[in-house]
There are 2 protein chains.
Amino acid sequence: MKTNLRKYRFENGNISQQKLADLVNVSRQTIVAIERGDYNLSVKLALLLADKLGTTVEELFKLEEKDYV
Amino acid sequence: MKTNLRKYRFENGNISQQKLADLVNVSRQTIVAIERGDYNLSVKLALLLADKLGTTVEELFKLEEKDYV
DNA sequence: ACAAAATGTCAAGTATATTTGACATTATGT
DNA sequence: ACATAATGTCAAATATACTTGACATTTTGT
């Protein structure tokens, strides 16, 4: 699964990892892990992130070939 | 988090839990748990379900008041 | 140049998503 | 009425999301 969380984090207020983490109530390490990719976060967190960054889950996280069954 | 997976499952080809489970490669129990609600599935599975049911994650899963920080 | 903020990364612990198996109940088709 | 498919539910095991803490490196502002 690919993500452009980092891109949206910069484009949307240029917010720090820590600040974003606080906004959605997770640890900074979780944000780091998500940005690093290959991290299958929960849909609730994905919805919160999309909400705070003013976008959609589909825009923030994209399935790759290997993800489809 | 609220879900209308069940509604979409019926409206979209009237597919059985087992068949949907097979489509996204999880066990039927996982589908049951998701439909029962209060189940925080992974975003990858959410994206797959939305894809197979021809809708979006946002349409399939909605945050509730208590989910917002 | 210096201090402070932001980021990268490792490791160990806790919470919970997902699986497997099994059985009971309810719906559906013939 | 009967067989089969679909669903509800429980319990135990495994995989993994997420946390906490700690330290090093890089970036940014003055």
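## A tour of two protein chains and two DNA strands

Start by selecting Ser27(A) together with DNA strand D: a backbone N or O atom of this serine sits 2.9 Å from a phosphate oxygen of the strand. Keep in mind as you go that you are looking at a predicted model.

**Stop 1: DNA strand D**

Stay with the phosphates of DNA strand D and add Ser42(A), where a polar side-chain atom is 3.0 Å from a phosphate oxygen. Then bring in the other protein chain by selecting Arg6(B), which places a polar side-chain atom 3.2 Å from a phosphate oxygen of DNA strand D. Which elements give two or more residues to the surface near this strand? Colour helix 3 (28-36) of chain A, then helix 1 (5-11) and helix 3 (28-36) of chain B, and you have them. Helix 3 of chain B gives the most to that surface, with three residues.

Now widen the selection to the 17 residues around DNA strand D. The ones that come nearest are Ser27(A), Gln29(A) and Thr30(A) from chain A, with Gln17(B) and Gln29(B) from chain B. On the DNA side, 51% of the atoms of strand D that come within 4 Å of the protein belong to sugar and phosphate. If you colour the protein side by residue class, you should find nine polar, five nonpolar and three charged residues in the surface near DNA strand D.

**Stop 2: DNA strand C**

Move over to DNA strand C and select Gln29(A). Here a base oxygen is the partner: a polar side-chain atom of Gln29(A) lies 2.8 Å from a base oxygen of DNA strand C. Next, show Ser42(B), whose side chain has an N or O atom 3.3 Å from a phosphate oxygen of DNA strand C. Asn40(B) is worth a click too, with a polar backbone atom 3.4 Å from a sugar or linking oxygen of DNA strand C.

How many residues are around DNA strand C, and which come nearest? There are 16, with Gln17(A), Arg28(A), Gln29(A), Gln29(B) and Thr30(B) coming nearest. Of the atoms of DNA strand C that come within 4 Å of the protein, sugar and phosphate account for 53%.

For the helices, highlight helix 1 (5-11) and helix 3 of chain A plus helix 3 of chain B; each supplies at least two residues of the surface near DNA strand C. Helix 3 of chain A has the largest share, three residues. By class, this surface holds nine polar, four nonpolar and three charged residues.

**Stop 3: where chain A meets chain B**

Hide the DNA for a moment and select the residues of each chain that touch the other: 22 in chain A are in contact with 23 in chain B. The area buried between the chains is about 1900 Å², and carbon and sulfur atoms give 70% of that.

Two salt bridges are counted between chain A and chain B. To see a salt bridge across this interface, select Lys44(A) and Asp67(B), whose closest N and O atoms are 3.8 Å apart. There are also eight residue pairs in polar contact between the chains, counting pairs with both residues at pLDDT 80 or more.

On the chain A side, colour helix 2 (17-24), helix 4 (43-52) and helix 5 (57-60), each of which supplies at least two residues of the side that touches chain B. Helix 4 of chain A provides the largest share, seven residues. This side of chain A divides into 13 nonpolar, five charged and four polar residues.

**Stop 4: the symmetry**

With both chains in view, try superposing chain A on chain B. A turn of 180 degrees with a shift of 0.0 Å along the axis lays one on the other, with an RMSD of 0.0 Å. The two copies are therefore related as by a two-fold rotation axis. What is more, 100% of the interface residues of chain A are interface residues in chain B as well, so the copies meet through the same surface.

**Last stop: inside chain A**

Over all chains, the count comes to six salt bridges. For one within a single chain, select Glu35(A) and Arg6(A), with their closest N and O atoms 2.6 Å apart. Glu35(A) is in helix 3 of chain A and Arg6(A) in helix 1 of chain A, so this pair ties together parts that are 29 residues apart in sequence.

Key. Residues numbered from 1 in each chain as written. Chains lettered and ligands numbered in written order. Heavy atoms only, no water. Near = heavy atom within 4 Å. Polar contact = N/O pair within 3.5 Å; in protein donor to acceptor, adjacent residues only side chain to side chain. Helix = DSSP H or I, 4+ residues; strand = E, 2+ residues; numbered from the N terminus. Nonpolar A, V, L, I, M, F, W, Y, C, P; charged D, E, K, R; others polar. Contact = heavy atoms within 4.5 Å. Buried area = accessible area lost by both parts, 1.4 Å probe. Salt bridge = Lys/Arg side-chain N within 4 Å of Asp/Glu carboxyl O. Least-squares fit on C-alpha atoms with pLDDT ≥ 70 in both.
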